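These are my notebook entries on a structure that is new to the reader. Each entry records what I looked up and what I found.

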Number of protein chains: 2
Amino acid sequence: MRAEIRLAGSGGQGIILAAKVIAEAAGIFSELNVVQSQIYGAAARGELSKADVIIDDGDIYTLEISTADILLCLSQDAYNRYSKELKEDGKLIIDSFYVKNYDQLDKRILSFPISEMSKELADSELFSNMISVGILTVVGKYFSEESVLKSVEKNVPKNFLDMNIKAVKLGFERAKRKYPEVCGN
Amino acid sequence: MRAEIRLAGSGGQGIILAAKVIAEAAGIFSELNVVQSQIYGAAARGELSKADVIIDDGDIYTLEISTADILLCLSQDAYNRYSKELKEDGKLIIDSFYVKNYDQLDKRILSFPISEMSKELADSELFSNMISVGILTVVGKYFSEESVLKSVEKNVPKNFLDMNIKAVKLGFERAKRKYPEVCGN
């Protein structure tokens with residue numbers, strides 16, 4: 001088993017923390033091997049933020065993602081830049097509030113109003129990243145719901161733990177409800 | 001300019017946070033391009049922890065470090081595993097408290113009792129990572145002392161900020177004093 005996951009969005013959307021939570025869910029709490037990388041610099045200072053996670057049950061020899069198994073796009077720019085780099089049987093999770101202009105016929109796209117869900121949950125878009133982590137967990141099934149909850153607990157500040165846990169669980173539930181054939185048990 | 005930096009030690013020594021501070025010092029506060037990656041999994045669950053930072057003033061096309069410009073080894077295991085993967089004109093920073101068995105004739109080695117310095121500073125080894133960041137900053141000169149202090153401020157918990165800043169500055173000072181020909185202005 002090998003999974004290549006790419007998270008992309010705008011600076012400030014918490015992409016890098018989301019990648020860390022996923023990496024540790026798989027690498028620490030599920031005993032898989034994981035390489036996690038992010039780019040800082042030109043892209044990070046501008047609009048685009050990107051982080052990659054490669055999960056493998058064997059050794060990992062390449063750090064590069066060519067085409068993703070799962071791609072998360074939280075902004076239109078992220079979609080425009082990365083949507084072509086998806087495997088034929090990959091899945092593309094979009095925040096339908098920010099990604100308006102996309103290929104409606106692409107069956108690989110799973111669409112959720114992620115930032116709106118975050119605002120309903122907590123009057124803030126701050127939890128879009130953890131809602132995305134929840135969605136991604138049940139779409140990919142590379143690691144368990146339990147392991148991702150443990151990783152959230154390890155990685156978010158204690159005073160925001162409850163809300164982050166709620167956000168991840170909201171992601172689990174909404175994804176299973178909207179796309180049961182993909183996200184069901 | 002391209003610099004390949006590898007930080008290695010035991011799990012719990014704060015290697016990944018050190019890599020993040022360096023990456024953001026260069027990528028956010030110095031306007032360079034940076035790729036930062038770490039491995040979780042077999043290595044992370046065992047003794048060895050590793051994080052890489054590649055800094056470039058142009059585009060970065062490879063994520064892999066073959067031989068490092070600067071290698072930090074905070075444990076004997078880290079030295080044994082990675083010391084061969086250093087450029088001929090590279091620098092190898094070791095914690096002389098933990099790395100006892102090394103090539104005494106290798107002129108590339110810069111030796112500091114990093115964990116002892118941390119214990120003197122704060123009765124704890126917790127600040128070995130930030131002392132290392134300070135040393136690495138003046139050894140490499142890829143980004144300024146100011147940019148690394150800003151990055152520390154962004155990345156460490158507020159209640160430990162003062163001590164982390166002291167640790168980084170202790171790294172600057174001790175390195176300049178012990179190896180003025182390498183670390184001087």
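Among contacts in chain A between residues at least 6 apart in sequence, what percentage join residues at least 24 apart? I found that 57% of these contacts do so. I note at the outset that this is a predicted model.

**Entry: the overall build of chain A**

I looked up the secondary structure of chain A and found eight helices and six strands. Following the sequence from its start, I read the pattern β-α-β-α-β-β-α-β-β-α-α-α-α-α. The radius of gyration of chain A is 15 Å, close to the 16 Å from the globule rule for 185 residues, so chain A is as compact as a globular protein of that length. I then looked up the extent of the C-alpha trace, which spans about 40 × 40 × 35 Å along the principal axes of chain A. As for burial, 53% of the 185 residues of chain A count as buried.

**Entry: the relation of the two copies**

I next looked up how chain A can be laid on chain B. A turn of 180 degrees with a shift of 0.0 Å along the axis achieves this, with an RMSD of 0.0 Å. The two copies are therefore related as by a two-fold rotation axis. Which residue of chain A comes closest to the rotation axis? I found that this is A:S37, with its C-alpha at 2.0 Å.

**Entry: the contact between the chains**

I looked up the contacts between the chains: 19 residues of chain A are in contact with 19 residues of chain B. On the side of chain A that touches chain B, at least two residues each are supplied by α1 (15–27), β2 (33–40) and α2 (42–45). The largest share of that side, eight residues, comes from β2(A). By class, I recorded ten nonpolar, six polar and three charged residues on the side of chain A that touches chain B.

Why can I say that the copies meet through the same surface? The reason is that 100% of the interface residues of chain A are also interface residues in chain B.

I then looked up the strand pairing. β2(A) pairs with β2 (residues 33–40) of chain B in the antiparallel sense, over seven bridges. Within this region I noted A:V35, which stands opposite B:I39 in β2(B).

**Entry: A:Y61**

From A:V35 I turned to A:Y61. These two residues are 26 apart in sequence, and their C-alpha atoms are 9.6 Å apart in space. A:Y61 lies in the loop between β3 (48–56) and β4 (68–73) of chain A. Is A:Y61 buried or exposed? I found A:Y61 to be exposed, as it has 8 other C-beta atoms within 10 Å.

**Entry: A:A78**

I looked up A:A78 next and placed it in helix α3 (residues 76–82) of chain A. A:A78 counts as buried because it has 27 C-beta neighbours inside 10 Å, and the cut-off for a buried residue is 20 or more. Which residues is A:A78 in contact with, leaving aside its neighbours within four places in sequence? I listed A:A8, A:G9, A:L48 and A:C73. Of this list I followed up A:L48, which is 30 residues from A:A78 in sequence and 6.5 Å from it in space, C-alpha to C-alpha.

**Entry: helix α1 of chain B**

I looked up helix α1 (residues 15–27) of chain B, which has 13 residues. From its first C-alpha to its last, this helix reaches 18 Å, close to the 18 Å expected at 1.5 Å a residue. Twelve of the 13 residues of α1(B) are buried, so the helix is largely enclosed by the rest of the structure. Among these buried residues I noted B:I15, B:K20, B:E24 and B:G27.

**Entry: two positive phi values**

Finally, I looked up backbone angles. A:D123 has a positive phi of about 55 degrees, although it is not a glycine. I located A:D123 in the loop between α4 (114–122) and α5 (128–140) of chain A. A:D123 is exposed, with 8 other C-beta atoms within 10 Å.

A:K141, again a residue other than glycine, has a positive phi near 55 degrees. I found A:K141 in the loop between α5 and α6 (145–155) of chain A. A:K141 is partly exposed, with 13 other C-beta atoms within 10 Å.

Technical notes
Residues numbered from 1 in each chain as written. Chains lettered and ligands numbered in written order. Predicted model: local features only at pLDDT ≥ 70, side-chain atom pairs only at ≥ 80, totals over all residues. Contact = placed C-beta atoms within 7 Å. Helix = DSSP H or I, 4+ residues; strand = E, 2+ residues; numbered from the N terminus. Nonpolar A, V, L, I, M, F, W, Y, C, P; charged D, E, K, R; others polar. Pairing = 2+ DSSP bridges. Rg over C-alpha atoms; globule rule 2.2 N^0.38 Å. Least-squares fit on C-alpha atoms with pLDDT ≥ 70 in both. Expected span 1.5 Å × (residues − 1).
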